[in-house]
Amino acid sequence: MRITVNGQVREIEVDPRTTLLDLLREHLGLTGAKKGCDHGQCGACTVLVDGRRINACLSLAVMHEGDEVVTIEGLGRADELSPLQAAFVHHDGFQCGYCTPGQICSATAMLDEVARGWPSHVSDDLDDVELSDAEIRERMSGNICRCSAYPTIVAAIREVADAERLAEAAE
């Protein structure tokens with residue numbers, strides 16, 4: 001199968017029963033996405049596929065023939081963190097770090113969803129979505145942090161969302 005992962009086209013032969021998570025971790029050595037529950041309930045395996053967040057443990061790799069997959073390794077580098085990665089460090093948005101790659105991938109897609117005007121269950125105005133803390137919590141509810149770093153995770157996302165809003169207003 002042919003798949004683009006973090007900007008690199010990969011030709012790989014996999015068993016049709018292989019999950020996207022196992023392809024990334026076991027076949028490509030990208031261990032950022034974690035196997036937490038293997039049931040799509042914790043979000044530790046969240047990656048971006050064609051810009052949308054998915055639970056890689058619930059998706060078969062062969063379903064993503066020709067897709068663009070971005071993992072935590074593709075969002076930034078050690079010497080050049082993505083804005084969300086830097087904000088998670090600044091706000092200590094992690095404890096053990098196990099869920100952090102999934103949290104950051106999910107938050108990256110969430111900010112894009114808000115920029116596109118996609119409402120959530122708690123959106124007050126369906127035509128003008130405002131990213132309140134309640135919105136952030138609702139949109140991140142598929143990502144569990146067993147260490148309970150939620151306040152600092154929300155603070156990190158808030159920082160990046162506010163910076164993006166200010167940059168937009170300045171344009």
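This short talk goes through the strands, salt bridges, surface charge and backbone angles of one predicted model.

Good morning. The structure is a predicted model, in which local features need pLDDT of at least 70, side-chain atom pairs count only at pLDDT 80 or more, and totals for chains, interfaces and linings use all residues. Residues are numbered from 1 along each chain as its sequence is written, and side-chain values use heavy atoms, with hydrogens and water left out.

Let me begin with the strands. Helices (H or I, at least four residues) and strands (E, at least two) are taken as DSSP runs and numbered from the N terminus. Two strands are said to pair if DSSP finds at least two bridges between them. Strand β3 covers residues 46–49. It is joined by four bridges to β4, residues 52–55, and the two run antiparallel. Across this pairing, L48 stands opposite R53. The hairpin of β3 and β4 has two residues between the strands, and there D50 takes a positive phi near 50 degrees.

Strand β3 also has two bridges to β5, residues 68–70, again in an antiparallel arrangement. Here V49 is the residue that stands opposite V69.

Which way do the side chains of β3 point? T46 and L48 point one way, V47 and V49 the other way, and all are buried. For accessibility I use three classes: buried is under 20% relative accessible area, exposed is over 50%, and partly exposed is in between, with a 1.4 Å probe and protein chains only.

I turn now to the charged pairs. A salt bridge here is a side-chain nitrogen of Lys or Arg within 4 Å of a carboxyl oxygen of Asp or Glu. How many salt bridges does the structure hold? The total is twelve.

R53, which we met opposite L48, belongs to a network of salt bridges that also links E113, E135 and R139. Within that network, E135 and R139 form a salt bridge in which the closest N and O atoms are 2.7 Å apart. Both residues lie in helix α5, four residues apart, about one turn of the helix. Are E135 and R139 buried or exposed? Both are buried.

A second pair within one helix is D162 and R158, whose side chains meet in a salt bridge at 3.1 Å, N to O. Because they are four residues apart in helix α6, about one helical turn separates them. D162 has a relative accessible area of 23%, so it is partly exposed.

A further salt bridge joins the side chains of D15 and R17, at 2.7 Å, N to O. D15 counts as partly exposed because its relative accessibility is 31%. R17, at 67%, counts as exposed.

Next comes the surface charge. D124, D125, D127, D128 and E130 gather in a patch of negative charge on the surface. Patches are made of residues with over 30% relative accessible area and no salt bridge; like charges are joined within 9 Å, and nonpolar side chains (Val, Leu, Ile, Met, Phe, Trp, Tyr) within 5 Å. Asp and Glu count as negative and Lys and Arg as positive, while His and the chain ends are not counted.

Two members of this patch can be placed in more detail. D127 lies in the loop between α4 (100–115) and α5 (133–139), and D124 is found in the loop between α4 and α5 as well. D127 is exposed because its relative accessibility is 77%. D124 is also exposed, with a relative accessible area of 82%. D124 and E135 are eleven residues apart along the chain, and 9.4 Å separates their C-alpha atoms.

Two further backbone angles deserve a remark. D38 has a phi near 60 degrees, a positive value in a residue other than glycine. It lies in the loop between α1 (20–27) and β3, and it counts as partly exposed at 38% relative accessibility. S148 likewise has a positive phi, near 65 degrees, and is not glycine. Its place is in the loop between α5 and α6 (150–170), and its relative accessibility of 47% makes it partly exposed.

Finally, consider H91, in the loop between α3 (83–90) and α4. H91 is partly exposed, at 22% relative accessibility. How far apart are H91 and I157 in space? From C-alpha to C-alpha the separation is 9.5 Å, with their positions 66 residues apart in sequence.

Thank you for your attention.

Technical notes. Accessible areas come from the Shrake-Rupley method with a 1.4 Å probe; for residues, only the protein chains shown count as cover. The place of a charge is taken as NZ of Lys, CZ of Arg, CG of Asp or CD of Glu.
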